[in-house]
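Please look over the structure below and follow the questions about why its parts are described as they are.

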Amino acid sequence: MSTASGAAIGIWRARNVRTVGDRWFLVYLVHMVALVTVAPLARAVWLSATSAEGLALLASPAAPEVTMLVVAGLWAGGLVLGRDRGPALHPPFLTHALAASDLPRSDTFRGPLLRAGVRVTATTTLVAGLVAGSLMSHGLADPFSAASFTAVGALVGVLATVTWLAGQAFPRAAVPVAVGVLGLGATIAAIPAAQPFTPWGWVGLAYPASSASHTPVALVALAALTASLVAAVPMLMNRLGLTALAAQAARWDSATALAMGMDFDTAAALYRGRAHTGRRALAVRPRNRLAWTFLIRDAIGATRTPGRLIVGVVALAASGVLITLAFAPAAPGWLLGAAAGLMVFAGIGPLTDGIRHAASVAGDFPLYGISDERLLANHALFPLAAVVLVLLAAVMVCSILTGTAAAAPLVSAFVLGLLALFARVDNALKGPLPPALLTPIPTPMGDLGAAARIAWALDGILLAALAGASAALAFEAPLLLLGVAVTFIAVGINRWRHRG
Amino acid sequence: MIEVDEVAVIAGDVTLLAPISTMVQRGEVLIVRGRNGTGKSTLLRVLAGARKPSSGTVRIGGAGAVERDRGFRRRVAAMIGLPPMASDLTVFDHVLLVATTWTDDQAAAAELARGVLSELGLDALHGRFPHELSSGQMQLFGLALVLARPFEVLILDEPEQRLDPEHVESVIRVLRARRDGGATLVVATHSPLLADRLADHTLRLDAA
């Protein structure tokens, strides 16, 4: 780091020096979090990885190919993430001050990039070490291949950081390249002969339980690729533009501030894709019945963010598959149902822009010539039609492919679709955190205020998971489903009455 | 006719609006002026039925100001801050959708939408999404949304905000046309130009 940039960052850091007391509190906090959260979680993960089921999964013949796909997904994800929030980023003021100066970005933004890289690399190394360690502990891998795979994990992390930075430096190319990376990863995983010649293949070949004996070659090849890409990092950093950096820093700062205030929806909205296509096609095509006008308007509106729409439909289809599998004999129905609930809640998000708009209009001065209730109902038509159509189609296809009965999953999927829509309406009407939740909630177990605030902030997700679980158990415990439905409706009515 | 009789708004120990009385006849423009914090926006919110006064009464066309009353919603339009905008609709889609919900005559709705956008100089922006507008264009677009619906009373808070002098002139022209068409306007403004060119009556608010 040059003297000038070091001095600038020093001034920034000096504005808020931690006292000795603050530092001891931080040490205490880190220890408590490690003891209370990290240690039990790490133990649970290790126990699952070394259990009979875990080992069967890790040592299965498909594990190297799955690893290739995961790595391709990680690198592709890095590229896409970099478009909106890259690794080389300071707080807004410092970003602007440093990026507007004539100092090279490779110097002034090296610190945050290194910190992000260390975090990513530590995570991938840990995951690879966990996989290798669990296989080695049961004699399914020798120490050399276990150590090599852990090293491969570290290299994968470094490469993920570089792709993350590449996404930040080339935001327009990020998505097509990410699709290419993912597509090639999937193709290579299916063609064993091509694996020795690609980065994804090298990762698969170094998998500890892999029968191939190419581990040293794969490790060296991956190390060479990593070294050559790391050499390009200064060039990538010096491509970062002032406007893009300032916009990313400001958006991240706002999102973290909102998230700290438990307003996760608004924080997520900052990163929601913006309409950019289909501007020439009229979305509003007046019909005799206004309901049709709104249905068509919402459908065309959704196609104006095609990426979001595709992700949403895929998530809905996955939800249909999960709810069908929840009815398979000996399947953990409630767990798969809860996962289906989360997926349908996520998938319906891109289809409910109209509902969010109706909720904001309902809290403002009258604009439309129909009541707020009718506006909301009209905007619910498109997501309702889409969610029912996609869910039921996915259930039918999955039932045919797996040879299971379709009737029960169809009913459950239909109910789940309705509940997910209610969850989205409830979420749209939510409003800011009630001040009452800012007060402590003393109990014999301690202050539950923070837990209550988190539950309030994540209520949509929690209720969606509950809805999924209850839909999967609809025929065994119909009262549970009824209770969940009544809760959704009661929450919605309460929020509607207190809107605006 | 708008009748405001000794209306005051007090929140806790803070007086947001000191007692005020005024009257505006149909087809007249009331300009509300005053320094920041004198209660201009609070008065407009009371008139728009979005806030209950702590004391006094407001009557618009002989009835009370209640924002959720169906008849009141038809008669009174307000823009206090920007109206909510849908991120997936273009400028023209927005204005057309608002106009469509107020009439069964679809051709008239489309004509009204085009006309309002043209009056405000937004013809070239039909295909833009809200996030692609500048702050001044956003202000004009917000105004277009409100003007695309019918009203007898129009309440506006600083419609000149973020606008260059040419566009302030456009807004004055548009508002005068609405007044000449019989609408009653209540406009809070810091613009001497807008006040001079529009005012039939001026209400000056002092610090509470």
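Q: Why is G201(A) called buried in this predicted model?
A: The relative accessibility of G201(A) is 0%, and buried means under 20%, so the glycine counts as buried. G201(A) sits in helix α10 (residues 199-205) of chain A, and, leaving out residues up to four places away in sequence, G201(A) touches M68(A), I188(A) and Q195(A).

Q: What makes D107(A) and R110(A) a salt bridge?
A: Their side chains meet with N to O at 3.4 Å, and a salt bridge asks for a side-chain nitrogen of Lys or Arg within 4 Å of a carboxyl oxygen of Asp or Glu, so the pair qualifies. Side chains of opposite charge can pair when their charged atoms come close.

Q: Are D107(A) and R110(A) each buried, partly exposed or exposed, and why?
A: D107(A) has 7% relative accessibility, which is under 20%, and therefore counts as buried. R110(A), at 35%, falls between the limits of 20% and 50% and therefore counts as partly exposed.

Q: How do you know that the salt bridge of D93(B) and R304(A) joins two chains?
A: D93(B) lies in helix α3 (residues 91-100) of chain B, while R304(A) lies in the loop between α15 (290-303) and α16 of chain A, so the pair joins two chains. The N to O distance between their side chains is 2.8 Å, and both D93(B) and R304(A) are buried.

Q: Why does the pair of D372(A) and R73(B) also join two chains?
A: D372(A) belongs to helix α19 (residues 372-402) of chain A and R73(B) to helix α2 (residues 70-75) of chain B, so this pair joins two chains. The closest N and O atoms of D372(A) and R73(B) are 3.0 Å apart. With 5% relative accessibility D372(A) counts as buried, and R73(B), at 11%, counts as buried as well. Salt bridges with shared partners link D372(A), R499(A), E67(B) and R73(B) into one network.

Q: Why is M32(A) called partly exposed, and which surface feature includes M32(A)?
A: The relative accessibility of M32(A) is 34%, and partly exposed covers values between 20% and 50%, so the name fits. M32(A), placed in helix α2 (residues 20-49) of chain A, is one of the residues of a nonpolar surface patch, among them F25(A), L29(A) and V36(A), with about 930 Å² of accessible area together.

Q: What makes the phi values of M262(A) and A330(A) worth a look?
A: Most residues other than glycine have a negative phi. Phi of M262(A), however, is near 70°, a positive value in a residue other than glycine, and A330(A) has a positive phi of about 70° although it is not a glycine. M262(A) is found in the loop between α13 (242-260) and α14 (264-269) of chain A and is buried at 16%, whereas A330(A), in the loop between α16 (306-325) and α17 (333-348) of chain A, is exposed at 87%.

Q: How do you know that β4(B) pairs with β1(B) and with β5(B)?
A: Two strands pair if there are at least two bridges between them; five bridges join β1(B) to β4(B) and two join β4(B) to β5(B), so both pairings meet the limit. V4(B) stands opposite V58(B) in β4(B), and the bridge partner of R59(B) in β5(B) is G64(B).

Notes
Residues are numbered from 1 along each chain as its sequence is written. Chains are lettered from A and ligands numbered from 1 in the order in which they are written. This is a predicted model: local features need pLDDT of at least 70, side-chain atom pairs count only at pLDDT 80 or more; totals for chains, interfaces and linings use all residues. Side-chain values use heavy atoms; hydrogens and water are left out. Helices (H or I, at least four residues) and strands (E, at least two) are DSSP runs, numbered from the N terminus. Patches are made of residues with over 30% relative accessible area and no salt bridge: like charges are joined within 9 Å, nonpolar side chains (Val, Leu, Ile, Met, Phe, Trp, Tyr) within 5 Å. Accessible areas come from the Shrake-Rupley method with a 1.4 Å probe; for residues, only the protein chains shown count as cover. Buried means under 20% relative accessible area, exposed over 50%, partly exposed in between (1.4 Å probe, protein chains only). Contact means heavy atoms within 4.5 Å.
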